[in-house]
Amino acid sequence: MERMTKLKIGFIGTGVMGAAIAGHLIEAGHKLTVYNRTKSKTDKLVAAGATWADTPTEVAKKSDVVFTMVGFPTDVEEVYFGNKGLFKGLKTEGITIDMTTSRPSLAVKIADYAKRHNFHAVDAPVSGGDIGAQNATLTIMAGGEEETYNKLLPLFKVISKATNLFGAAGSGQHAKMANQIMIAGTMTGLTEMLLYAQHAGLDEQKILETLSAGGANNWSMTNYVPRILKNDFTPGFFSRHFLKDLRIALEEADKMGLDLKATAEAKRLYEVMVDVKGLGNQGTQGLINIYK
């Protein structure tokens, strides 16, 4: 693992979370090459010492390890398999780490391709939102080869507080789906809790303090209710991305013969927010706006 201390790292996708993660890797002394569809979103990283590349292919050519963190499975497909995709530039024994929340089947497709071409691929979606990314306290859920995962642990420790390998390729994505199913319940719960407290005439700050000290405490309430009280709906995590996650989770549940009624209702509510109200660029805490 010592040989992993100084690496040539590629980072593709420098959005709300990706930029913060990439920043920690620069601070840890790694040489970073970055790419994002909107170049300006890499400006701060370049100012901090990263090198811009024009395409994912060019990122891969300059890197030993390539992180990807993009929006949707279609974006992942393009970044890996497109005409300017990273697989066209990756070196033999190169490693890819996809942190996008995506379909388990796509993670398997990436890993199978990597194995056939003497690469290594790990799916490693994260939980913790913008705050976790900024504070390097993310939780990483990984799927892939154990040997490759162990090599990556020094990098994971730079950006996370907890990391687990769940099994073969796709297992990390399944673990993230379990996480999103749980988050779906907490987001609907905190929204309706706050609405109830408001209509009952209760002090909202006292409610937050009281519930946070009891059995109702959860990460989403602690981090998102204060934002709601300030009318701050900027995205720590885009609601349109969360809706994508819920759709994937329910697709996977259907394959397993599961009927997840509460998650399906959460998906319906986020569909109202994103598809009907057009609030997909708000954070997930913006769910409360569909009730107003």
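Domain bounds are taken here from an automatic or database domain assignment. On this basis the protein, which is a predicted model, is divided into domain 1, residues 8–168, and domain 2, residues 174–290. Two UniProt annotations can be set beside this division. An unreviewed UniProt entry lists residues 8–164 as "domain: 6-phosphogluconate dehydrogenase NADP-binding". Helix accounts for 41% of that span and strand for 23%, and its end C-alpha atoms are 24 Å apart. The annotation "domain: 3-hydroxyisobutyrate dehydrogenase-like NAD-binding", also from an unreviewed UniProt entry, covers residues 170–289. Here helix makes up 68% and strand 0%, with 34 Å between the end C-alpha atoms.

The centres of domain 1 and domain 2, taken over C-alpha atoms, are separated by 27 Å. Contact between the domains involves 18 residues of domain 1 and 18 residues of domain 2. The size of an interface is often given as the accessible area lost when the parts come together. For domain 1 and domain 2 the area buried between them is about 1,500 Å², of which 62% is on carbon and sulfur atoms. On the domain 1 side, the residues that lose the most area to domain 2 are F72, T101 and P104, which together supply 33% of what that side buries. The ring of F72 also has a charged group over it: the charged end of K244 sits 5.9 Å from the ring centre.

Aromatic pairs were then examined. A pair of aromatic rings is described by the distance of the centres and the angle of the planes. Rings of Phe, Tyr and Trp count as a pair if their centres lie within 6.5 Å. By this rule there are eleven aromatic pairs. One of them is formed by F81 and Y113, with an edge-to-face geometry, 5.4 Å from centre to centre and 90° between the planes. This pair links distant parts of the chain, since F81 belongs to helix α4 (residues 73–81) and Y113 to helix α5 (residues 104–116), 32 residues apart. F81 is partly exposed, because its relative accessible area is 27%.

Y113 also pairs with F87, in this case with a tilted geometry, 4.5 Å between centres and 35° between planes. F87 is in the loop between α4 and β5 (95–98) while Y113 is in helix α5, so the pair ties together parts that are 26 residues apart in sequence. With a relative accessible area of 7%, F87 is buried. The rings of F81, F87 and Y113 belong to one aromatic cluster that also includes Y80 and F119. The ring of F81 further lies under the charged end of K109, at 4.9 Å from the ring centre.

Backbone geometry was considered last. Most residues other than glycine have a negative phi. A136 has a positive phi, near 60°. A136 is located in the loop between α6 (129–135) and β8 (138–142), and it is buried, because its relative accessible area is 17%, below the 20% cut-off for that class. N231, likewise not a glycine, has a positive phi of about 55°. N231 is located in the loop between α10 (219–229) and α11 (239–255). In contrast to the buried A136, N231 counts as exposed, with a relative accessibility of 55%.

Technical notes:
Residues are numbered from 1 along each chain as its sequence is written. This is a predicted model: local features need pLDDT of at least 70, side-chain atom pairs count only at pLDDT 80 or more; totals for chains, interfaces and linings use all residues. Side-chain values use heavy atoms; hydrogens and water are left out. Rings of Phe, Tyr and Trp (its six-membered ring) pair if their centres lie within 6.5 Å; planes under 30 degrees apart count as stacked, over 60 as edge-to-face and the rest as tilted. Helices (H or I, at least four residues) and strands (E, at least two) are DSSP runs, numbered from the N terminus. Buried means under 20% relative accessible area, exposed over 50%, partly exposed in between (1.4 Å probe, protein chains only). A charge sits over a ring if NZ of Lys or CZ of Arg is within 6 Å of the ring centre and within 35 degrees of the ring normal. UniProt positions are given in the numbering used here, feature names are shortened, and annotations may be inferred rather than shown by experiment. Contact means heavy atoms within 4.5 Å. Buried area is the accessible area (1.4 Å probe) that two parts lose on being put together, summed over both.
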